[in-house]
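Me: I have a chain in front of me and would like to go through its architecture and a few of its residues with some care. Could you take my questions one at a time?

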Amino acid sequence: MLQASTRTLKIKTGVVTSRLVKELNSYEKEAVTQQKRIDSLVAANEDDHTVRKQREVLEETTTMIPDCKNRLLAAREDLQKLVADILVRA
């Protein structure tokens, strides 16, 4: 039973610390980069279609940030519950 708990703990810790945190950081960096790209396109007087499409990309990226934060919070809560459960059993 302890091995299963240890394995589950490692998996859930990896989800929180590795995958979801990296994903959130990636979306936040992408949003900043995309905004800079849009600013440079506007400054260079690029055509409206190009700017509009880049704004759509930015909107998709910024839409993913709250979703990623929610998934991170949910995973953290699951991890906290698992740790509490393991501590109760010990």
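The exchange below goes from the overall fold to single residues of this predicted model.

Me: How many helices does the chain have, and how many strands?
Reply: The secondary structure includes helix H1, which covers residues 2-43, and helix H2, which covers 48-89. The count for the chain is two helices and zero strands.

Me: Why is the chain described as more spread out than a compact globule, and what is its radius of gyration?
Reply: Along the principal axes, the C-alpha atoms fill a box of roughly 65 × 15 × 15 Å. For 90 residues the globule rule gives 12 Å, and the chain counts as more spread out than a compact globule because its own value is well over that, with a radius of gyration of 20 Å.

Me: Among contacts between residues at least 6 apart in sequence, what share joins residues at least 24 apart?
Reply: One example of contact across the two helices is Thr61, which is found in helix H2 and touches Tyr27, Glu30 and Ala31. Over the chain, among contacts between residues at least 6 apart in sequence, the share that joins residues at least 24 apart is 74%.

Me: What percentage of the residues in the chain is buried?
Reply: The chain exposes about 6600 Å², and carbon and sulfur atoms supply 56% of that area. Taking under 20% relative accessible area as the cut-off for buried, the buried part of the 90 residues comes to 23%.

Me: Which residues touch the most other members of the largest nonpolar core?
Reply: This core has 14 residues, and the elements that give two or more residues to it are H1 and H2. Val16, for its part, has contacts that include Leu72, Ala75 and Leu79, with residues up to four places away in sequence not counted. The members that touch the most others are Val16, Leu24, Ile65 and Leu72.

Me: Is Gln34 buried or exposed?
Reply: Gln34 has its place in helix H1, and it touches Gln54, Val57 and Leu58 when residues up to four places away in sequence are left out. Its relative accessible area is 3%, and the cut-off for a buried residue is under 20%. Gln34 is therefore classed as buried.

Me: What is the relative accessibility of Thr61?
Reply: Thr61 is found in helix H2, and its contacts beyond four places in sequence are with Tyr27, Glu30 and Ala31. Thr61 counts as buried, and its relative accessibility is 3%.

Me: How far apart in space are Val15 and Tyr27, C-alpha to C-alpha?
Reply: Val15 lies in helix H1 and is partly exposed, with a relative accessible area of 24%. Val15 and Tyr27 are twelve residues apart in sequence, and the C-alpha to C-alpha distance between them is 16 Å.

Me: Where does Asn45 lie, and what value is its phi near?
Reply: Asn45 lies in the loop between H1 and helix H2. With a relative accessible area of 68%, Asn45 is exposed. Its phi is positive although the residue is other than glycine, and the value is near 55°.

Me: How far apart are the centres of the positive and negative side chains?
Reply: The chain has 16 positive and 14 negative side chains, and each set has its own centre. The two centres lie apart by 10 Å.

Definitions and conventions: Residues numbered from 1 in each chain as written. Predicted model: local features only at pLDDT ≥ 70, side-chain atom pairs only at ≥ 80, totals over all residues. Heavy atoms only, no water. Helix = DSSP H or I, 4+ residues; strand = E, 2+ residues; numbered from the N terminus. Rg over C-alpha atoms; globule rule 2.2 N^0.38 Å. Buried < 20%, exposed > 50% of the residue type's maximum accessible area, 1.4 Å probe, protein only. Contact = heavy atoms within 4.5 Å. Areas by Shrake-Rupley, 256 points an atom, 1.4 Å probe, with all protein chains shown as cover. Lys, Arg positive; Asp, Glu negative; His and termini not counted. Charge placed at Lys NZ, Arg CZ, Asp CG, Glu CD. Core = buried A, V, L, I, M, F, W, Y, C linked by side-chain atoms within 4.5 Å.
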